[in-house]
Amino acid sequence: MKFIFDFLKNNWIILLLVVIVATSFGYSDYSKRTIPKEEIGISEIAEQVEKGMVEKIEITGNQLKIFFKEKDEKGQSKTETTYKEDGVSLTQYGITPEKVKIDIKNAEAGSIWWGIFSTFVPFLLLAGFLWFIFRQAQGANSQAMSFGKSKARLNIQNVKTTFADVAGSEESKKDLIEVVDFLKNPKKYRDLGAQIPRGVLLIGPPGTGKTLLAKAVAGEAGAPFFSISGSEFVEMFVGVGASRVRDLFAKARRNAPCIIFIDEIDAVGRQRGAGLGGSHDEREQTLNQILVELDGFDTEENVIVMAATNRPDVLDPALLRPGRFDRQVLVDLPDIKEREAILAVHAKGKPLAKDVDLKKLAQKTSGFSGADLKNLLNEGAILAARENKKNIGQADVAEAIEKVMMGPERKSKVISEKEKQITAYHEAGHALVAHFSPHADPVHKISIISRGRALGYTWNPPEQDRVLQSRSEFEDDLAVMLGGREAELLTFKEVTTGAHNDLARVSKLARAMVTEYGMSDKLGPISLNGKDSVVFLGKDLAEAKNYSEKTAQIIDEEISRIIEMAGKAARDILIKNKAILKKLTDELLVKETLEREEFEALMG
Ligand code: ADP
Ligand code: MG
Ligand code: ZN
């Protein structure tokens with residue numbers, strides 16, 4: 001049945017053509033019927049009438065049915081059918097009512113039904129097809145319209161995921177425990193007049209467990225979990241995205257307290273009006289509707305919207321405003337310890353051979369996401385099963401690592417041992433210089449897990465917002481930024497491209513010191529930032545110089561001198577603390593991330 005339906009659906013045009021052709025044949029067949037086919041001539045009838053052999057003649061239109069007096073075995077009159085021309089009376093043939101009984105039947109009676117039938121059947125068929133096509137289009141349409149019923153996957157019971165299923169990601173979990181509490185005990189917060197947050201944005205690379213964390217929040221709170229992906233909003237028909245948002249939120253409100261999860265929000269949440277040429281009306285309407293719904297919650301409603309993205313940079317700032325997705329939770333790629341924990345979670349139910357060491361496995365999979373690790377164990381199990389083994393051995397796992405690394409879905413970067421080592425020295429360099437420079441901010445975190453395009457990062461945020469900055473602070477900042485490159489140079493006698501982002505920041509800051517802040521002794525207190533710029537499409541198209549070539553040369557010299565000095569400062573610190581640099585690097589290679597306490601303990 002389904003097959004037939006699909007066939008009709010896919011081949012309706014052909015079927016339509018067949019029907020049209022068939023009906024036109026039908027027409028010609030019908031018209032053929034009206035062509036007299038004489039079996040017995042009318043003049044012959046006339047003769048027989050003269051002879052008195054005919055009992056009666058029935059006339060239907062131009063068809064004559066002749067009943068003879070002669071009977072057959074059953075006592076029925078023998079009959080014969082013939083035709084006359086239209087509009088010719090029988091009397092012209094000498095057949096008169098006096099000679100024979102003539103019954104005139106309603107001329108059209110016989111053919112009228114056929115006429116009606118043949119006239120209307122094509123129309124009926126056509127109408128049927130139109131209805132069919134229409135219904136098809138509408139089917140898709142109404143599917144979209146009734147999305148609230150069909151598309152949002154409402155898992156009231158299904159969310160059994162808890163934080164225990166999420167290995168590692170302790171920081172993210174800490175941030176989210178609060179959200180669970182909002183859902184569970186809203187009264188506690190409301191009594192103190194606190195407004196419960198609306199939106200939580202999970203930011204992190206693909207496969208790091210954002211969806212998993214959102215589910216875990218729902219599971220922990222025992223709340224229904226509505227999920228939809230950003231790309232589902234913008235599917236096919238104009239105006240559907242916005243109505244889907246409306247439906248989703250309406251349904252969620254009825255089920256409060258609950259969680260709405262919008263995956264890949266960047267698909268709809270891109271900055272509005274950013275595209276040059278061509279409007280993205282549909283997307284913008286959807287985004288606007290999300291904003292409207294986020295604002296539309298009243299304080300009594302206990303619905304929390306969670307969203308996930310790996311491109312927070314492209315999101316419309318309106319989404320990130322207070323009262324919307326103002327809580328942001330970073331979900332990073334796992335470090336070595338977290339990888340081991342994730343492997344342990346997914347090794348459950350998979351019999352591992354004794355030679356498989358999860359710790360070693362974690363060491364070898366730097367740069368893998370949670371999803372990659374899950375996939376790794378799964379591939380290992382498949383390989384073992386293929387060889388009819390009873391458990392998963394070291395060889396299977398080793399092969400699986402390669403498979404996952406080569407796999408088409410992998411987008412995250414895998415870091416080689418050498419790259420890892422260089423990155424560790426580089427980041428340790430930044431951290432050491434920051435630690436030993438009196439005016440630099442303390443180090444909060446060092447990591448050699450790649451984030452974005454950087455292979456690692458050292459995080460030393462300002463202790464408090466600095467409005468006034470001194471020259472010595474800037475100089476120390478420069479030294480910290482150059483510390484990574486200097487550490488590479490010192491250790492490997494060579495620099496890599498890893499420092500290019502640092503260098504860009506260094507040049508920018510040094511230039512600002514000379515041309516904007518008047519921190520160059522040679523040039524003195526003067527602003528030379530050439531603000532007489534031509535503005536085109538909101539961008540500085542051309543900056544007109546407001547100083548001479550000679551000054552330009554001095555600026556360049558001063559910038560070089562400042563950078564040179566900062567580089568030397570960094571170098572001096574590193575040479576003096578070469579042993580500590582090595583110790584820090586080794587620690588980083590083992591742990592991959594170091595928190596502030598661990599770092600400071602190491603520094604003594
Ligand atoms: P994202 O939404 O960030 O792309 P997912 O949440 O869909 O990633 O993760 C894909 C799968 O990877 C999850 O279903 C889970 O099995 C596994 N996974 C990812 N991170 C973790 C983790 N921290 N602990 C356990 N499993 C994880
Ligand atoms: Mg996801
Ligand atoms: Zn760096």
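**Three regions of a predicted model**

Strand β6, which covers residues 199–203, pairs with strand β9 in the parallel sense, and five bridges hold that pairing. Before I go further, please keep in mind that what you see above is a predicted model.

Let me stay with β9 for a moment. Within its pairing with β6, residue L201 stands opposite A307 of β9. Strand β9 also has a pairing with strand β8, residues 258–263, where the two run parallel and are joined by five bridges; here I259 has I304 of β9 as its bridge partner. If you are new to sheets, it may help to recall that strands pair through backbone hydrogen bonds, in either a parallel or an antiparallel way.

How many of the residues of β9 are buried? Strand β9 runs over residues 303–309, and seven of its seven residues are buried, so that the strand is mostly covered. On one side we find V303, V305, A307 and T309, on the other I304, M306 and A308, and since all of these are buried, both faces of β9 are covered.

The second region is an open sheet of four strands, in the order β3-β2-β1-β4, whose pairing is mixed. Its edge strands are β3, at 77–83, and β4, at 101–105, each of which pairs on one side only, and from one strand to the next the twist averages 20°. Inside this sheet, strand β1, residues 54–60, and strand β2, residues 63–71, pair in the antiparallel sense over six bridges, and one pair to look for is E58 with its bridge partner K65 in β2. Helix α3, which spans residues 42–51, packs on the sheet and touches β1, β2 and β3, with a direction that makes about 145° with that of β1.

Finally, let us turn to a pair of helices. Two packed helices are described by the angle between their axes and by the distance between those axes. Helix α19, residues 500–515, and helix α20, residues 549–576, pack at an angle of about 125°, and their axes are 9 Å apart. How, then, are α19 and α20 oriented to each other? Angles that are neither under 35 degrees, nor over 145, nor from 65 to 115 count as oblique, and therefore α19 and α20 are oblique to each other. The crossing in which α19 passes α20 is right-handed. On the α19 side the contact includes V506, A510 and R511, and on the α20 side it includes I555, D556 and I559. The residues of this contact divide into eight nonpolar, two polar and three charged.

Terms used. Residues numbered from 1 in each chain as written. Chains lettered and ligands numbered in written order. Predicted model: local features only at pLDDT ≥ 70, side-chain atom pairs only at ≥ 80, totals over all residues. Heavy atoms only, no water. Buried < 20%, exposed > 50% of the residue type's maximum accessible area, 1.4 Å probe, protein only. Pairing = 2+ DSSP bridges. Axes fitted to C-alpha atoms, helices over the stretch in contact; angles between N-to-C directions. Left-handed = near helix turned anticlockwise from the far one by under 90°. Contact = heavy atoms within 4.5 Å. Nonpolar A, V, L, I, M, F, W, Y, C, P; charged D, E, K, R; others polar.
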